[in-house]
Structures are given as C-alpha cells and as structure tokens.
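Okay, thanks for squeezing me in. Let me put the structure up, and then I'll walk you through a few spots.

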Amino acid sequence: MIMEKLFNEEVMTLDTYIMVKLKEKTAQLSETLTKKNRSPISLSMGAPTANPPEVLIDKLKEYLTEDNIHQYSVTRGEPYYRQAVAQRMEERFGVKLDPNSEIYSLLGSKDGLANLIRFIINPHHNETEKEIILIPDPGYASYSQMVKCSGGLAYPIALTKENNYQPAMENVFEKLKSDGYDENKVKAIIINYPNNPLGVSASREYIQSVVDFCRKKDILLISDAAYCDIYFNEEEKPFSVLELPGAKEVTVELFTLSKPYAITGWRLGWICGNKDVLSRFGKAKSTIDNGIFRALQKACAYIMTSPEGDDYIRLANLSYKKKQSIFVKGMRELGWEIEDKDLPHTTFYMWLPIPRKYDSSFKFCEDLLEKSGIVVVPGDAFGEYGKGYFRVSFVCSDEKLQEVIDRMKADGFKY
Ligand SMILES: Cc1ncc(COP(=O)(O)O)c(C=O)c1O
C-alpha cells in the first residue's frame, strides 16, 4: 500500500512524539545500562511518580461496585463531575461557572487541545493559505504537532529573558506580518502559564493585555493551565485567566487532574469558559468519544472538593521544592551558574543550558543517556527558541535525583 496516498500530507510529516521516542530509546538501552550500573533514571516525562492520594484510591474502589458505574458516560461529563469542577473553580479562583454550559469534561487536557485545534482550523496544504495558531516557544511539544496535523500553521510566540517571557502581542503580530504572514489568518493564541518547560509565570497585567488584545482582534484565547496547582509560594499562587475582566468573551481554559493528584494514567481534565465556543466544541466532541469512566469521574469529583485533595497538593509542592533544591545544589557543584532569582517558583521543571563543550542539545542528551543512563529532554523539542537547552523534570525520588548528580560527577559531565 502506498502510504503517501493513504495518509494525509500533514500526517505524513509527523514524527513519533519526543517523549515516546525517549521511552523507546531508553528501553532499548536498558539492559546494557543496567549491566554497567547505570540503570535508567527518567527526568524526562512531566509525570509525577508519587502515589496518588490514598483517599482517591479508596473512593475509586468503593465506586467500582456501584450499579451502572461501568456503562458509557456522557462526553460532556457526569453532572457530579461538572458540579465539582464548578465548586473547585469558585473556591480556588473565585470564578463562577455554569456547570451546564461553561464546563466540559476532557480525557486529559491533551484530548481537549488536540480536538479544539482541529475543530477550529480549516485545513490547507498551501503554506500561504494556512490558518494560524500562535503557540509559546519554548512550549509544550504537542502544540506545534497538533496544529500541523490539523492543516494549520503554528507561529511561535518567542518567550525570552529579554521580554521577561511575556511578549506584548502587538510585537508578536508585527513580527508575524514582517515574516510575510497575514494577521487575518490568526484564529487563536495559546498561552501556558506556568510554562512548560521554562517554569515561569505571568503577571495579571500581562494576561489582561493579552485578553484585551484578543477581544480587540476577535481571536480565541486558549489558556493551558496544566500547572496551576504546582507552585512553591502562596503569594505567587497561579491564577485563572477567567478571573480577569472580559476574559469569558474570548477565552477557554484547560485544566488537568494528571499533575496535581499524580494520576497521569487516569486521563481526566476539563475545559471551561466561553459558552458559545464550548457549545460548538461539545457538539463536535460528542461524535467522537463517550467521556470518562464514571468511577474515575466520581472519585475525582470527591478529591477536587475535599480538604484531603488540597493537603495532598500542598505536600506534593513541598516535596517538589525540596527536589528542586537537591538538584540545583548538585548542578551548581557541576558548574552550572544558576542564580536564585532565576529559580522557577512553579512547575516541577528546570530549564538549563547544555554544557559549553556541546553545540547540540540532542547530542548532549544522547550522551547523558548512553553514558550515565539519565533521561532528559533536548530543548529543541520545545521549539526554535529551545536550542542549546535541556529540560529536567524532577518527579523521581530524592535519592534518585541525588544519584543523577553523583553519576554526572563520576562520568565527567560538567557545565
Ligand atoms: C503544558 C501541558 N499541557 C497539557 C499537558 C497534557 O496533560 P494531560 O493530557 O495529562 O492532561 C501537558 C502534559 O505534560 C503539559 O505539559
């Protein structure tokens, strides 16, 4: 069979997702690495390895034996799940939402992002005709692939130290025009604060300026709030874009339960905000899946609205802060110049330059894996502006994290 004829042109350009590739490569090398006392330690996936809250597991077990729990759910989510989300959004952010029209359940936020993007893009093969979605760069690796796969063009919003990782949208649009693109083709802007992979957040003033810009230009604002519950200081607690005046007119925001409760495999999240967008999104989405397993929705409805859930998040954040300290201390000993003022206050990521003797992030990450069994992600995977960097995700145990440092020292890695 001729694959080029079978699959569409956009899909033919896609490569396996970077995290999957890293997993496959690690599995291939595992035996050899283990033999030389370097069994793989993964600092690559943004997937907490701690156990989920005990009460969450107990609740799940309890609900598994309920009548009708194993049948199809509904795509938009069971009423008790949407009600719990509404309660959480109000208690956590002071954002009031109607569970019937302003909240829709997701099979993880990745599901929501991929489908929303393909629902809004009219696919084109010709570069000049493509509709555009602005994405953060460096940013979550899937954004660009999702836009590309939908027949759109992903244009980078460069996040740099110079623009304090909060570039004015007017400037981004000026650059887009000077690069020869038509601003009228921009359909949506994706923002992600706290940011993966940088670990930076944005001010309310900045986000308000983005909201106002989207209102002026009639563009959809997609806020990916995946890391809103991973933070180290109460004063810098991440906020919801929907808290801001006028935001609901143009914004949808995506949340995930994967990270705060260490349940990446359960696949639960939600999208909320503008009801007209959600109504159309919901119609399309109802044709392709049947929602989340009811027992999971019920258990998560409990954890989102219980004090045990908040305690779990608080303790998890304390442990990430400790892991960050262990890692930073070690990397400083290895010569990395990390200033206190540059330490992330959100997410469990660290974004660092590759050692001076390397000129390729891929080569450095490959060497680190092959010599020391340590898996990190090359910065290029997060976009053009990720060149020369790598991302570390400190979700393993403190002991393993210390072992990473010890192995790097023993194997001659330094900045
Ligand atoms: C920025 C960002 N958005 C979305 C996701 C997807 O998370 P999930 O599909 O588990 O909700 C991730 C996962 O790493 C992420 O980093």
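Let's start at valine 377, whose bridge partner in E12 is arginine 391. One thing to keep in mind throughout: this is a predicted model. That bridge sits between strands E11 and E12, where E12 covers residues 389-393, and the two pair in the antiparallel sense over two bridges. As a reminder, strands of a sheet pair through backbone hydrogen bonds, and that can be parallel or antiparallel.

Now zoom out a bit. The sheet here is an open one with three strands, in the order E9-E12-E11, and the pairing is antiparallel. E9 and E11, which is residues 377-378, are at the edges with a single partner strand each, so each has one side without a neighbour in the sheet.

While we're around E9, have a look at the loop that runs between helix H13 (307-333) and strand E9 (349-353), because aspartate 340 is in there, and aspartate 340 is exposed, with 6 other C-beta atoms within 10 Å. If you want a sense of distance, aspartate 340 is 32 Å from serine 39, C-alpha to C-alpha, and the two are 301 residues apart in sequence.

Next, helix H5. H5 takes in residues 79-93, so 15 residues, and spans 21 Å from first C-alpha to last, close to the 21 Å you'd expect at 1.5 Å a residue. Which residues of H5 are buried? Those are Tyr81, Arg82, Ala84, Val85, Ala86, Arg88 and Met89. In general, an α-helix has 3.6 residues a turn, so residues three or four places apart point the same way. The buried residues of H5 pack against strand E2 (103-106), strand E8 (269-273) and helix H12 (294-304). Right after H5 comes glycine 94, with a positive phi, near 75°.

On to the ligand. There are 13 residues around the ligand, and the closest are Gly108, Ser109, Lys110, Thr256 and Ser258. Sorting that shell by type gives two nonpolar, nine polar and two charged.

Last, the whole protein. It has 15 helices and 12 strands, and the C-alpha atoms fill a box of roughly 60 × 55 × 55 Å along the principal axes. The radius of gyration is 22 Å, which agrees with the value near 22 Å for a compact globule of 415 residues. Buried residues make up 45% of the 415. And of the contacts between residues at least 6 apart in sequence, 74% join residues at least 24 apart.

That's my tour, thanks.

Technical notes: Residues numbered from 1 in each chain as written. Predicted model: local features only at pLDDT ≥ 70, side-chain atom pairs only at ≥ 80, totals over all residues. Helix = DSSP H or I, 4+ residues; strand = E, 2+ residues; numbered from the N terminus. Expected span 1.5 Å × (residues − 1). Buried ≥ 20, exposed ≤ 12 C-beta atoms within 10 Å, placed from the backbone. Contact = placed C-beta atoms within 7 Å. Near = placed C-beta within 6 Å. Nonpolar A, V, L, I, M, F, W, Y, C, P; charged D, E, K, R; others polar. Rg over C-alpha atoms; globule rule 2.2 N^0.38 Å. Pairing = 2+ DSSP bridges.
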